[in-house]
Amino acid sequence: MNGAWWRGRRALPGLAGGIDKDGGRAAELLAAGFGSVEFGTVTPRPEAGGNPGVAELTARLRMAAPCSSDACRIGIGIGMNSAAPPDALAAEWLSGLELAWGAADYLSFNLSARAYRPLLAPTHLPMLLRAFQVVTAERDRLCGDGAHFPLTLKVPLGVDDPFPLTLAVAAADAGFDMLTAVLPDSPARLDRLNLLAARLPRQTTLLAVGGIRNHANVRAALAAGAHGVQVHRIFAELGAACLPDFLATEATIPADIIGDAR
């Protein structure tokens with residue numbers, strides 16, 4: 001399995017990470033009607049403030065529901081512990097991948113949270129490239145021959161900084177299957193998304209998150225090059241009552257936009 005299950009099937013949004021960090025709402029969220037639900041972000045070791053760590057979250061998810069459901073895919077967001085120095089990123093991500101293995105349909109490595117924004121500097125590029133290479137190599141080793149497991153990088157697009165785009169392309173080149181682009185709160189948000197879409201390899205699945213509140217926002221993101229979207233704040237505000245408007249998208253988005261058009 002690769003990131004292609006986001007494409008051309010149904011125009012259902014995914015639920016972004018941050019709503020449920022400990023798996024306590026897993027049964028509810030997986031039954032809500034999303035195409036996917038991402039849990040976390042969690043770190044390899046537990047931290048105060050509702051972060052139980054990867055092992056505890058995966059244990060709860062295994063009890064709540066199996067992965068690879070046709071109804072709803074399960075994702076786990078992976079971060080790094082606050083006490084870890086920047087150069088430990090590869091080791092932190094590797095530990096998170098190994099602890100989460102077998103409990104999700106994809107893993108999302110998070111560089112968008114405020115705590116990780118200092119890593120988004122050109123001086124850290126060699127360290128970031130190593131982290132990409134380490135986790136994709138371990139993924140390939142664990143999968144063995146004839147199988148595949150999708151990894152995604154979650155990165156803020158910013159308004160005019162070229163580095164996030166460079167980083168996203170580097171992750172795709174290293175073997176990440178999906179990119180989750182956090183759209184800026186800016187009139188240029190869709191221009192940035194389109195710019196990234198044009199630079200990514202054709203086989204890379206592009207997801208958009210941030211400010212997606214209705215089916216018109218979904219249409220706009222897909223027209224700008226995304227293959228799918230995630231929602232967060234609108235669900236935090238309205239709960240499952242937000243979903244009927246998104247489900248209307250399925251009947252209104254032309255097939256050439258939903259499909260593998262890039």
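1. Crossing of α3 and α4. In this predicted model, helices α3 and α4 cross with right-handed geometry. Helix α3 spans residues 89-100 and helix α4 residues 125-143. Their axes lie 8 Å apart, at an angle of about 25°. The angle is under 35 degrees, so α3 counts as roughly parallel to α4.

2. Residues at that contact. From α3, Leu 89, Ala 90, Trp 93, Leu 94, Leu 97 and Glu 98 take part. They meet a set in α4 that includes Met 127, Leu 128, Ala 131, Phe 132, Val 134, Val 135 and Leu 142. Charged residues of α4 are in the set too, among them Arg 130, Glu 138 and Arg 139.

3. Barrel. Eight strands form a closed barrel, in the order β1-β2-β3-β4-β5-β6-β7-β8. The pairing is parallel. Take β3 (residues 73-78) and β4 (residues 106-110): 4 bridges join them. Within this pair, Ile 76 has Leu 107 of β4 as its bridge partner.

4. Core. The largest nonpolar core holds 75 residues. Ile 76, Trp 93, Phe 109, Leu 153 and Leu 193 have the most contacts inside it. Helix α5 (residues 163-174) is the top contributor, giving 8 residues. In soluble globular proteins, nonpolar side chains tend to be buried together.

5. Leu 153. Which residues does Leu 153 touch, leaving aside neighbours within four places in sequence? Trp 93, Phe 109, Leu 111 and Phe 132 are among them. So are Leu 167, Ala 171, Phe 176, Met 178, Leu 179 and Thr 180. Two of these names recur from the α3 and α4 contact: Trp 93 sits in α3 and Phe 132 in α4.

Definitions and conventions:
Residues numbered from 1 in each chain as written. Predicted model: local features only at pLDDT ≥ 70, side-chain atom pairs only at ≥ 80, totals over all residues. Heavy atoms only, no water. Core = buried A, V, L, I, M, F, W, Y, C linked by side-chain atoms within 4.5 Å. Buried < 20%, exposed > 50% of the residue type's maximum accessible area, 1.4 Å probe, protein only. Helix = DSSP H or I, 4+ residues; strand = E, 2+ residues; numbered from the N terminus. Contact = heavy atoms within 4.5 Å. Pairing = 2+ DSSP bridges. Axes fitted to C-alpha atoms, helices over the stretch in contact; angles between N-to-C directions. Parallel < 35°, antiparallel > 145°, perpendicular 65-115°, else oblique. Left-handed = near helix turned anticlockwise from the far one by under 90°.
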